[in-house]
Amino acid sequence: MKTIAFFNNKGGVGKTSLVYHLSWMFAEMGVNVVAADFDPQANLSAMFLPEDRLEQLWPDGEHPGTVLGCVAPIIRGVGDVKEPHVEPITDRLGLVVGDLGLSSFEDMLSAAWPYCMDRKENAFRHTSAFYRILLNASAQNDAELVLIDVGPNLGAINRAAIISADAVVVPLAPDLFSLQGLRNLGPSLRDWRGQ
Ligand SMILES: Nc1ncnc2c1ncn2[C@@H]1O[C@H](COP(=O)(O)OP(=O)(O)OP(=O)(O)O)[C@@H](O)[C@H]1O
Ligand SMILES: [Mg+2]
């Protein structure tokens with residue numbers, strides 16, 4: 001499994017569009033791909049799936065078919081990650097479906113980070129949740145490549161998602177804000193990896 005996250009803390013630079021189109025491109029080239037939607041805006045899921053399917057995946061109550069359903073036992077403090085549902089898009093392309101409720105995991109991941117520095121095993125269980133979801137999803141689909149979409153911020157969900165990735169692609173608009181933003185981005189990514 002090779003994992004690539006698409007990230008920029010500046011919004012609207014084309015992260016989701018790139019993950020969507022590259023997933024299709026690699027699948028059409030014969031590579032088995034999992035696309036993972038770890039952005040609580042869930043735009044990637046909305047690009048891949050029609051509204052009636054999203055209504056089924058996001059009912060009132062529990063969401064066993066989304067990434068939130070996978071981490072729900074951790075959030076509730078009753079267990080570890082559940083096996084992810086990988087939504088079939090084609091026979092070579094599967095989607096780990098995003099969820100607007102995923103933001104409820106943010107505080108917990110944020111709190112777990114310093115406990116990882118103290119080598120607390122439970123904190124590693126939280127921080128590695130996304131990585132373990134991706135391992136399982138890629139095994140289910142026999143996927144060589146996992147492309148991860150995240151939201152535009154330097155929060156704890158993104159930290160956990162990005163340290164799951166072998167590589168990070170930073171889509172960039174050629175403007176002053178994006179260039180200024182890179183000054184925060186590089187040091188943050190280096191700090192996260194180092195820690
Ligand atoms: N290469 C491109 N050229 C022109 N427009 C693009 C390109 N890529 C994406 N867009 C457009 O820019 C807008 C934002 O794209 P997208 O949602 O992919 O960005 P994002 O970085 O994922 O945003 P967010 O930070 O909100 O998650 C969309 O309207 C999309 O159609
Ligand atoms: Mg996006």
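In which helix does Ala 139 lie? The residue belongs to helix H7, which covers residues 129-141. The model under discussion is a predicted one, and Ala 139 offers a convenient point of entry to it. Because its relative accessible area is 57%, Ala 139 is exposed. A second position, Ile 162, is 23 residues from Ala 139 along the chain, and the C-alpha atoms of these two residues are separated by 20 Å.

From this helix the discussion turns to the sheet. Six strands form an open sheet with mixed pairing, and their order across the sheet is E3-E4-E2-E5-E1-E6. Strand E3 (86-90) and strand E6 stand at the edges. Each of these two has a single partner strand, so one side of each is left without a neighbour in the sheet. On average, neighbouring strands of the sheet are turned by 25° against each other, direction ignored.

The pairings may now be followed in order, beginning at the edge strand E3. Strand E4, made of residues 93-96, is joined to E3 by four bridges, and the two strands run antiparallel. Within this pair, Val 86 has Val 96 of E4 as its bridge partner.

Further along the order lies strand E2, residues 33-37, which pairs with E5 in the parallel sense over five bridges. Here Ala 36 stands opposite Ile 148 of E5. Strand E5 itself consists of residues 145-149, and strand E1, residues 2-6, also pairs with it in the parallel sense, over five bridges. In that pairing Ala 5 is the residue that stands opposite Ile 148. Ile 148 of E5 is thus faced by Ala 36 and by Ala 5.

The sheet ends with strand E6, residues 167-169, which pairs with E1 in the parallel sense over three bridges. Ala 167 of E6 stands opposite Ile 4.

How many of the five residues of E5 are buried? Five of the five are, and the strand is accordingly described as mostly covered. The cover extends to both faces of E5. Leu 145, Leu 147 and Asp 149 are buried on one side, while Val 146 and Ile 148 are buried on the other.

The cysteines deserve separate attention. In general, a disulfide is a covalent bond between the sulfur atoms of two cysteines. A search of the whole structure finds zero disulfides. Cys 70 takes part in none, for the nearest cysteine sulfur belongs to Cys 116 and is 19 Å away, whereas two sulfur atoms must lie within 2.5 Å to count as a disulfide. Cys 116 is likewise in no disulfide, and its nearest cysteine sulfur is that of Cys 70. Cys 70 counts as buried because its relative accessibility is 1%. Cys 116 also counts as buried, because its relative accessibility is 8%; the cut-off for a buried residue is under 20%.

Finally, the surface may be considered. Where is a nonpolar patch found, and which residues form it? The patch lies on the surface and is formed by Val 170, Leu 172, Leu 179 and Leu 182, which together have about 300 Å² of accessible area. Leu 182 is situated in helix H9, which spans residues 176-194. Because its relative accessibility is 35%, Leu 182 counts as partly exposed.

Definitions and conventions. Residues are numbered from 1 along each chain as its sequence is written. Chains are lettered from A and ligands numbered from 1 in the order in which they are written. This is a predicted model: local features need pLDDT of at least 70, side-chain atom pairs count only at pLDDT 80 or more; totals for chains, interfaces and linings use all residues. Side-chain values use heavy atoms; hydrogens and water are left out. Patches are made of residues with over 30% relative accessible area and no salt bridge: like charges are joined within 9 Å, nonpolar side chains (Val, Leu, Ile, Met, Phe, Trp, Tyr) within 5 Å. Accessible areas come from the Shrake-Rupley method with a 1.4 Å probe; for residues, only the protein chains shown count as cover. A salt bridge is a side-chain nitrogen of Lys or Arg within 4 Å of a carboxyl oxygen of Asp or Glu. Buried means under 20% relative accessible area, exposed over 50%, partly exposed in between (1.4 Å probe, protein chains only). Two strands pair if DSSP finds at least two bridges between them. Axes are lines fitted to C-alpha atoms, for helices over the stretch in contact, and angles run from 0 to 180 degrees between N-to-C directions.
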